[in-house]
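Biologist: Please take a close look at one part of this model for me. I would like a single strand and its surroundings, and then whatever else deserves a look.

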Amino acid sequence: MTTTVDDPTGPPDSAAVTPTGLAAHQITVHFGRQRVLDRVDLHIAPGETVGLRGPSGSGKSTLARVLALLHAPDSGRVALDGRPVGGVRYRVPAAVRTRVAILFQSPRAASDPRLSLADLIAAPLRATGTPTAETTARTAELADLVGLTSDLLTRRPHAVSDGQLQRACLARALAHRPDHLLCDEATAMLDASTQAHVAAVVTDYQRRHSAGVLLITHDPALLARWATRVVDLPGAAVDPPARPPTR
Ligand SMILES: Nc1ncnc2c1ncn2[C@@H]1O[C@H](COP(=O)(O)OP(=O)(O)OP(=O)(O)O)[C@@H](O)[C@H]1O
C-alpha cells in the first residue's frame, strides 16, 4: 500500500519480528557513488539501549538521521510499532515525528545562535502549536530536569559552555516526551561530570518513560555500562562506476 503525507503510517508491518519500537528495515543510503548503508536492519525496543558502533565513516550518524526521520533512504523503510513511516521531516505529521528525538555530538552546530536557551528548549513545542502557558511551564520543567538555572535560560549559546548548551539541547530533545532518543556521540565533547549528568538524565528519562535509546559512541566503557546490546556497522563501500552501454 502506498503511504501518503496525510496518512504517514501504513498498515502494521507483518514482516516485523517485534511489533513495538523503532525499526530500520533494509536501509540503503548512497552519497554519490559511496554506498554508506547497505540494506541495514536495526530495531530498538521500548526501554532498550542499543549501542551502535563501527569505524569512522561507516554510516552511524547517517543511520541515526534516517531513524530520526531527517534523511530519506534510497531504499528501505523506517517503522514505528510495526507501521512504516512515509516521508521525512515536516512531511511526517507532528504526532508521529515527535515520537523520535535526536541529540547530536556538537550542541553548537545544532543550535540557532540567535535564540536564548529558553527559546531553544521551547522551539519544538512552539513548532507544534503548543499553547503559550503550557510551553512556558514545560520549558521550566525541562530546564529543571537537565539542571539549567534561570539565569542561564536568558543567555544565548555564545554565552554558555558546551556542557550547558548540550543540557539545553537534551531538554529540547525531551520536550515532546519522545518514545525513542537517539544519542549520536552526545557526550563525546563533554567533561566527565557533565557527561555523567547527561547520561543520568537520559537513563532516568528512559526508565520513567520506557524509552528506547540508540547509543552511538566510540567509547567501549560507555557501551559496556549502558548498552543492552551492541550492533556493529561494517565500513562503507564504493560502487563501481556505471559501465557505458555495450553495443
Ligand atoms: N550529506 C552528505 N553528503 C555527502 N557525504 C556525506 C553526507 N553525510 C555523510 N556523508 C559521508 O557518509 C559517510 C558516513 O558518514 P557518517 O557521518 O554517517 O559516518 P559515522 O559512522 O557517523 O562517522 P564518525 O564515527 O566519524 O562520526 C562519510 O564518508 C561521510 O563523509
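Modeller: What follows starts with one strand and its partners, then turns to the ligand and to two backbone angles. Keep in mind that the model is predicted.

Take β7, residues 180–184. How many of its residues are buried? The count is 5 of 5, so β7 is largely enclosed by the rest of the structure. Burial here requires 20 or more other C-beta atoms within 10 Å of a residue's own. The side chains split by direction. H180, L182 and D184 point one way from β7. L181 and C183 point the other way. Both groups are buried. That includes D184 and H180 on one side, and C183 on the other.

Now the neighbouring strands. Strand β6 covers residues 100–103. It is joined to β7 by 4 bridges, and the two run parallel. Within this pairing, A101 stands opposite L181. Strand β8 covers residues 212–216. Here 5 bridges make the link to β7, again with parallel strands. One contact to look up is D184, whose bridge partner in β8 is I216. How does the chain get from β7 to β8? It passes through helix α7, residues 192–209. This β-α-β crossover is right-handed. β7 is thus bridged to β6 and to β8.

Next, the ligand. Its shell holds 11 residues. The closest are F31, S56, K60, S61 and T62. Which element gives the most to this shell? Helix α1, residues 60–67, does, with 3 residues. By class, the shell has 7 polar residues, 3 nonpolar and 1 charged.

Last, the backbone angles. Two residues other than glycine have a positive phi: Q26 and R177. For Q26, phi is about 50 degrees. Q26 sits in strand β1, residues 22–31. Is Q26 buried or partly exposed? It counts as partly exposed, because it has 14 C-beta neighbours inside 10 Å. For R177, phi is near 50 degrees. R177 lies in a loop, between α6 (162–173) and β7. That loop brings us back to the strand we began with. R177 also counts as partly exposed, because 13 C-beta neighbours lie inside 10 Å. Set that beside β7 itself, where 5 of the 5 residues are buried.

Key: Residues are numbered from 1 along each chain as its sequence is written. This is a predicted model: local features need pLDDT of at least 70, side-chain atom pairs count only at pLDDT 80 or more; totals for chains, interfaces and linings use all residues. A residue is near a molecule or strand if its C-beta atom, placed from the backbone, lies within 6 Å of it. Ala, Val, Leu, Ile, Met, Phe, Trp, Tyr, Cys and Pro count as nonpolar, Asp, Glu, Lys and Arg as charged, and the others, Gly among them, as polar. A residue is buried if 20 or more other C-beta atoms lie within 10 Å of its own, exposed if 12 or fewer, and partly exposed in between; C-beta atoms are placed from the backbone. Two strands pair if DSSP finds at least two bridges between them. A crossover is right-handed if, with the strands pointing away from the viewer, the path from the first strand over the helix to the second runs clockwise.
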